[in-house]
Amino acid sequence: MSLSPDSALRRALMLDAVMSGACAILLLAGASVLAGLLGLPETLLFGSGLVFVPFVALLLWLMRAASPPAAGVRAVIAINLAWAASSAALLLSGLVDPTPLGTAFVIVQAAAVLVFAALQIGALKRTASLRAA
């Protein structure tokens, strides 16, 4: 099923793409500096930056599609929810020993991702209800 264009959905996808793209650049370019400041492994930070690249491509593709497939939007929502859950699990696992700034970094980015997911869920529901009307 494809969705009719909805500006709220496009804005939610665009916001996610811009922030995820900025995080990708920050993590890829600054992993070595951030590792010391955050107390998180450089490989984790760089790898996280790499994960963002195809995700941003997916967001841009969905955002530019005349009628974004609902399955694609649901996949983005699922990825965002999984990212937030993984962030919490990382902090609770004891596998890393972040600095207070590192802990705050992980919590703030996870919270932001949850906001993106909530915006996308709301926009998806609104788009579906507009289509049904």
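Contact here means heavy atoms within 4.5 Å. The model discussed below is predicted.

Me: Which residues is L37 in contact with, leaving aside its neighbours within four places in sequence?
Reply: L37 is found in helix α1. Its C-alpha atom and that of P100 are separated by 9.4 Å, although the two residues are 63 apart along the chain. Leaving aside neighbours within four places in sequence, the residues in contact with L37 are T99 and L101.

Me: Does L37 count as buried, exposed or partly exposed, and what is its relative accessible area?
Reply: Buried means under 20% relative accessible area and exposed means over 50%, with partly exposed in between. L37 falls in the middle class, so it is partly exposed, with a relative accessible area of 47%.

Me: How far apart in space are L34 and V115, C-alpha to C-alpha?
Reply: L34 is also a residue of helix α1, and at 13% relative accessibility it counts as buried. Not counting residues up to four places away in sequence, L34 touches L26, L27, G39 and L45. V115 is 81 residues from L34 in sequence, and their C-alpha atoms are apart by 24 Å.

Me: What is the nearest side chain of opposite charge to D16, and how far away is it?
Reply: D16 lies in helix α1, which covers residues 7-38. A salt bridge needs a side-chain nitrogen of Lys or Arg within 4 Å of a carboxyl oxygen. D16 is buried yet has no salt bridge. The nearest side chain of opposite charge is R11, at 14 Å.

Me: Which side chain makes a polar contact with the side chain of D16?
Reply: Not counting residues up to four places away in sequence, D16 touches several residues, among them F55, L59, V76, N80 and F116. Of these, F55 and L59 are listed as buried residues of α2, while V76 and N80 are listed as buried residues of α3. The polar contact of the D16 side chain, at 2.8 Å, is with the side chain of Q120.

Me: Which two residues form the aromatic pair?
Reply: The structure holds 1 aromatic pair. Its rings are 5.0 Å apart centre to centre, with 45° between the planes, and the pair is tilted. The partners are F52 and W83.

Me: Why does the pair tie together parts that are apart in sequence, and by how many residues?
Reply: F52 lies in helix α2 (residues 42-64) and W83 in helix α3 (residues 70-93), so the pair links parts of the chain distant by 31 residues in sequence.  F52 counts as buried at 8% relative accessibility, whereas W83 counts as partly exposed at 22%. The separation in sequence is 31 residues.

Me: What span should the 23 residues of α2 have, and how far apart are its end C-alpha atoms?
Reply: The expected span of a helix is 1.5 Å times one less than its number of residues. For α2 this rule gives 33 Å, which agrees with the distance between its end C-alpha atoms, 33 Å.

Me: Which residue follows α3, and what is its phi?
Reply: α3 has 24 residues and reaches 34 Å from its first C-alpha to its last, close to the 34 Å expected. The residue that follows α3 is G94, with a positive phi near 80°.

Me: How many helices and strands are in the chain?
Reply: Read along the sequence, the chain follows the pattern α-α-α-α. Buried residues make up 37% of its 133 residues. The count is 4 helices and 0 strands.

Methods
Residues are numbered from 1 along each chain as its sequence is written. This is a predicted model: local features need pLDDT of at least 70, side-chain atom pairs count only at pLDDT 80 or more; totals for chains, interfaces and linings use all residues. Side-chain values use heavy atoms; hydrogens and water are left out. Rings of Phe, Tyr and Trp (its six-membered ring) pair if their centres lie within 6.5 Å; planes under 30 degrees apart count as stacked, over 60 as edge-to-face and the rest as tilted. Helices (H or I, at least four residues) and strands (E, at least two) are DSSP runs, numbered from the N terminus. Buried means under 20% relative accessible area, exposed over 50%, partly exposed in between (1.4 Å probe, protein chains only). Lys and Arg count as positive and Asp and Glu as negative; His and the chain ends are not counted. A polar contact is a pair of N or O atoms within 3.5 Å; within protein, one must be able to donate a hydrogen and the other to accept it, and residues adjacent in sequence count only if both atoms are side-chain atoms.
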